[in-house]
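Please read the following report on a handful of side chains and one helix alongside the model.

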Amino acid sequence: MIPRLHKMGTRTIGLIRYLYGPGTHEEHTDPHLVAAWDSLVPDPGRNPRATYTDLQRLLDQPVEALPKSRRPTEHVWHLSVRAAPEDPILTDEQWGDIARRMVAATGIAPEGDTAACRWAAVRHADDHIHIIATTVREDGRRPRRHNEAKRSQAEARLIEADYGLRRLSTGDGTAAQRPTSAERHKADRHQRERTPREELRESVRHAASGARSEEEFFGRLTRAGLLVNRRVAPSGDLLGYTVALHDDRNKNGEPVFYSGSKLAPDLSLPRIRERWTQPAEPSSDEGESPDQPALPPVTGPAYARRRATTATWQALLLIDHGDDGTAAAQIAAAGEVLDALAETSAAHTRRELRDAAFTFERATRSHVRAVRGLDHALRQAAYDLVHSGPAVGRGEDGATTAMLIDTAFFLVTAAANWHARRNHAQQAEAARLAAEHLRAAYEIAAAQPMSVLHQRGRALPLQRRQAAVLRQTLPEIAEQVLTEPGWPALAATLADAQAAGHDPTALLTEATRHRELDSATSVSDVLVWRLRRLAHLPADPAASIPRHAPTTQPALKAANSASRRR
């Protein structure tokens, strides 16, 4: 149940004509009253003798009774209430009850108040109603409408419970603006999967992912095929921007432009500029040095995905153990990584990754202010993904994509838990849905490399040797792992690590030291990718196994410390 308050109006008759008319796109069917302040109110939709003017005059009587000097200029109140797509079709009586509850909750007509405002609820579709009211009470006073938006949302949650409807989450005012009904109808008419507002939001987010300057950001917007207008002050300073799709035109044939802030609160130019803050100097207990050397350049999609996996793992630990501002910055930057990954991944995973990024967008904003600068590693990862070019769906590119998605799933799950602990209901739900899309993308990306590892790990002598290592190192989860379909792949990875000179016991200990595995569908799959990352093994098991000097436990710790510095 989605209530939406519309802008206050000045002409009661204008809104009545719209509600009873055919609609902007002929979408209104059988307009009629389902409830009103008085049961004897004439209904122009069902009574042939009743006119729009009759209803308008009745609604406006309390306003007209005031002296002209006291009449409010904007006196027409408008609330629409829409059911979720999966909800059953409600009867007129049910919609009438919902309308009465809404005008009571918002202060328009409190229950039992005989001097309340006049109102009427019109239904012209199966899934929603419109409530029109005039904001002068019968006693000449104005209604108490303080916090009416929040109160309508709270009442909607109670209505959902009472009617057994889909339970939606209450917002906190940080969500992107929803497409209007007119925008949705226009998109349907032009057979668009998403409205122009949603397409532009996604394109601008992709352009901002990992961008380091205004020039790079606006260059990406132009290369994405968008029309871009920059708003420049007389001094020459850039104040903002608007974007449009080439094929989205108004009735005059002009492009329909949207400002960044109308697409999402964090896509205004000032908010995007915050992303370009220089990295904050880490505290001494983070084990990093402010004088660390610059990272080597990215040499291709696979290398970019490996580095992004390391950055994602580090961000996961910061969300778990950092303060709120740091965690909020990691979650916001994680959205950039998902955007960049969706933009550069192979076709067979792109749909699920795109849906994951699109859904997670809602989780990137809350009232917790992100501390920019400490998110540099993730933003660098997004930059690397974009500039390394598109990945292919096989070989090392495909396998490192699976590795990154596996780690991103845990980061997104950590974000969902972080939001849930702070009662950010919409953000937590968005992160949970994004995790499901990532799980689906992982199944696609991991199918080929895991199949190769499974074949290599089927030998019983190899499994017996690695099972002994597993039982010795991780006795609490060993038996569960040994029964999983992915166990042969883990056994093959342990053998690869051993052949490369690593101590498998030390690797297993390190792989499970910082994070729980309860949210994993397959613990063995998770350990495969963590071990291959820690041991610097090729993600693609068909590649050759690198050989180097054996790594002792102290050396492994030093290597991991260096990895964390990266």
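The text below treats three residues and then the geometry of a helix.

This is a predicted model, in which local features need pLDDT of at least 70 and side-chain atom pairs count only at pLDDT 80 or more, while totals for chains, interfaces and linings use all residues. Residues are numbered from 1 along each chain as its sequence is written, and side-chain values use heavy atoms, with hydrogens and water left out.

The table gives relative accessibility, where buried means under 20% relative accessible area, exposed over 50% and partly exposed in between (1.4 Å probe, protein chains only); helices are DSSP runs of H or I with at least four residues, numbered from the N terminus.

| Residue | Helix | Relative accessibility | Class |
|---|---|---|---|
| Q56 | α2 (residues 52-64) | 17% | buried |
| Q153 | α4 (residues 148-163) | 21% | partly exposed |
| E510 | α19 (residues 504-513) | 11% | buried |

Leaving aside residues up to four places away in sequence, Q56 is in contact (heavy atoms within 4.5 Å) with T12, I13 and I16. A polar atom of the Q153 side chain lies 3.5 Å from the backbone oxygen of P3, and the C-alpha atoms of Q153 and R141, twelve residues apart in sequence, are 25 Å apart in space. The side chains of E510 and R513 are joined by a polar contact of 3.2 Å.

Helix α15 (residues 425-456) has 32 residues and should span 46 Å at 1.5 Å a residue (the expected span being 1.5 Å times one less than the number of residues), which agrees with the 44 Å between its end C-alpha atoms. In α15, a kink of about 50° lies at A447, shortly before the proline P449.

Terms used:
Helices (H or I, at least four residues) and strands (E, at least two) are DSSP runs, numbered from the N terminus. A polar contact is a pair of N or O atoms within 3.5 Å; within protein, one must be able to donate a hydrogen and the other to accept it, and residues adjacent in sequence count only if both atoms are side-chain atoms. The bend at a residue is the angle between axes fitted to the seven residues ending there and the seven starting there.
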